[in-house]
Amino acid sequence: MGDISRLAIHQATTEPQWELPEAIAGYARCGVHAITVRRDKLAACGMAAAKRLLADHGTKVVGLSRAHLPTAAEPESRRKGLDAFRRAIEEAAELDAGYLITLADGLPRGSKDLEGARARARDALGELLPEAVAAGVPLGLEPLHPMNAHFSCINRLGEASDLVTELGPGVGVLVDVYHVWWDPALEAEIAHAGRTIMGVHLSDWLVPTRDLMFDRGMIGDGVIDLARVCRRLDEAGFTGRHEIEIFSQVDWWQRDPDEVVRTAVERYREHC
Ligand code: ZN
């Protein structure tokens, strides 16, 4: 049985059921005092109230979700994108978050230039990283499954890792198993990323999957060898938290959130 001192829960797991105050309290009831906070839920709660609740429950903010690296070629859109990212850095600093979850934007509207989008995401990261470092906010760069390339254009762990090597320190990779489990280079990339791995997101790949965005499986219900991936991460030197992140419109979002969290904790003990 695994211990839960390394477990965190991403608020997406109980997104429609719980606002931030209920999530902080509900996770703590199951012994989990580490949370990844969604910015829309933070805005609804208010920064001062959120900080008070976190302190009351002894809960640590592992990650803040999320900020986007702009890929727009047009200067005004790019400037807006960079400013939006800067606001996220300020919030992460204020919350003392372990990292700010960083995604690349995808293809600008009407564009088919994926290569250009990737180059502009890299340039945006290069521009924003010194500001994040100055604010004391580590950036966690999360590659998304290739089915999302139109929406977010960094799609393999190796790509994210190359950017981290080129531009770091101050930026690391986030390994979300749902996005990278299929990659034949996964284990080599985990070993290569090593201590630049900032965080890990856990869920499972269901067969069949009914909705590619919103039908993530509970740990143990799908085909990802989670125990093996967690072992490889440890071997690579990862010592941080495992966040459970389950977007599940058709199943877990319909259930009693206490049951969701209880089940997630049990499954984590069993499989990771
Ligand atoms: Zn994730």
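This tour moves through the structure one selection at a time, beginning at the metal site and ending at a few single residues. Keep in mind throughout that the model is predicted.

**Stop 1: the zinc ion**

Select the zinc ion first, and then show the side chains of Glu142, Asp176, His201 and Glu245, which are its protein donors and lie 2.1 to 2.3 Å from the ion. The two glutamates take part through OE atoms, the aspartate through OD and the histidine through ND1. If you examine the angles among the 4 donor atoms, you will find that they run from 78 to 160 degrees, and the site is classed as irregular. Four donors would count as tetrahedral if all angles lay between 85 and 135 degrees, and for comparison the ideal tetrahedral angle is 109.5 degrees.

Along the sequence, the donors follow the spacing E-x33-D-x24-H-x43-E. Glutamate 142, in the loop between β5 (139-141) and α6 (157-167), and glutamate 245, in the loop between β8 (242-244) and α10 (257-271), are 103 residues apart, and this pair links distant parts of the chain. Are these two glutamates buried or exposed? Glutamate 142 counts as buried because its relative accessibility is 4%, and glutamate 245 is likewise buried, with a value of 5%.

**Stop 2: histidine 10, in contact with two of the donors**

Now select histidine 10, which belongs to strand β1 and is buried, with a relative accessibility of 1%. Leaving aside residues up to four places away in sequence, histidine 10 touches Tyr27, Thr36, Arg38, Ser65, Ile101, His201, Glu243, Ile244 and Glu245. Two names in that list, His201 and Glu245, are already familiar as donors of the zinc ion.

**Stop 3: helix α1 and its neighbour α3**

Tyr27, one of the residues touched by histidine 10, is also among the buried residues of α1, so select that helix next, at residues 20-29. Because 7 of its 10 residues are buried, α1 is largely enclosed by the rest of the structure. Those residues are Leu20, Ala23, Ile24, Ala25, Gly26, Tyr27 and Ala28, and what covers them includes β1 (7-10), β2 (34-38), α2 (39-45), α3 and α10.

Add helix α3, residues 47-57, and look at how it packs with α1: the angle is about 10 degrees, and the axes are 10 Å apart. Angles under 35 degrees count as roughly parallel, which is why α1 is described as roughly parallel to α3. On the α1 side the contact is made by Leu20, Pro21, Ile24, Ala25 and Ala28, and on the α3 side by Ala50, Leu53, Leu54 and His57. These residues divide into 8 nonpolar, 1 polar and no charged.

Just after α1, find glycine 31, where phi is positive, at about 85 degrees. Then go to threonine 59, in the loop between α3 and β3 (60-69), which is buried at 10% relative accessibility. Not counting residues up to four places away in sequence, threonine 59 touches Ile24, His33, Ala34, Ile35 and Leu54, and of these Ile24 and Leu54 also belong to the contact of α1 with α3.

**Stop 4: helix α6 and two cis peptide bonds**

Select α6 and colour its buried residues, which are Leu157, Gly158, Ala160, Ser161, Leu163, Val164 and Leu167. The elements that cover them include α5 (114-135), β5, β6 (171-176), α7 (177-180) and α8 (186-193).

Follow the chain into the loop between α6 and β6, where proline 169 lies, and look at the peptide bond from glycine 168 to proline 169, which is cis, with omega near 0 degrees. Another cis bond joins valine 207 and proline 208, with omega about -5 degrees, and proline 208 is found in the loop between β7 (197-202) and α9 (226-235). Most peptide bonds are trans.

**Stop 5: two residues around α4**

Finish with α4 (75-95) and the loop between it and β4 (99-104), where aspartate 96 lies. Its phi is near 55 degrees, a positive value in a residue other than glycine, and aspartate 96 is exposed, with a relative accessible area of 54%. Within helix α4, select arginine 79, which is partly exposed, with a relative accessible area of 41%. As a last distance to display, arginine 79 and aspartate 40 are 22 Å apart, C-alpha to C-alpha, and 39 residues apart in sequence.

Methods: Residues numbered from 1 in each chain as written. Predicted model: local features only at pLDDT ≥ 70, side-chain atom pairs only at ≥ 80, totals over all residues. Heavy atoms only, no water. Donors = N, O, S within 2.8 Å, 3.2 Å for Na, K, Ca; no water. Tetrahedral: all angles 85-135°; square planar, octahedral: opposite > 155°, others 65-115°. Helix = DSSP H or I, 4+ residues; strand = E, 2+ residues; numbered from the N terminus. Buried < 20%, exposed > 50% of the residue type's maximum accessible area, 1.4 Å probe, protein only. Axes fitted to C-alpha atoms, helices over the stretch in contact; angles between N-to-C directions. Parallel < 35°, antiparallel > 145°, perpendicular 65-115°, else oblique. Contact = heavy atoms within 4.5 Å. Nonpolar A, V, L, I, M, F, W, Y, C, P; charged D, E, K, R; others polar.
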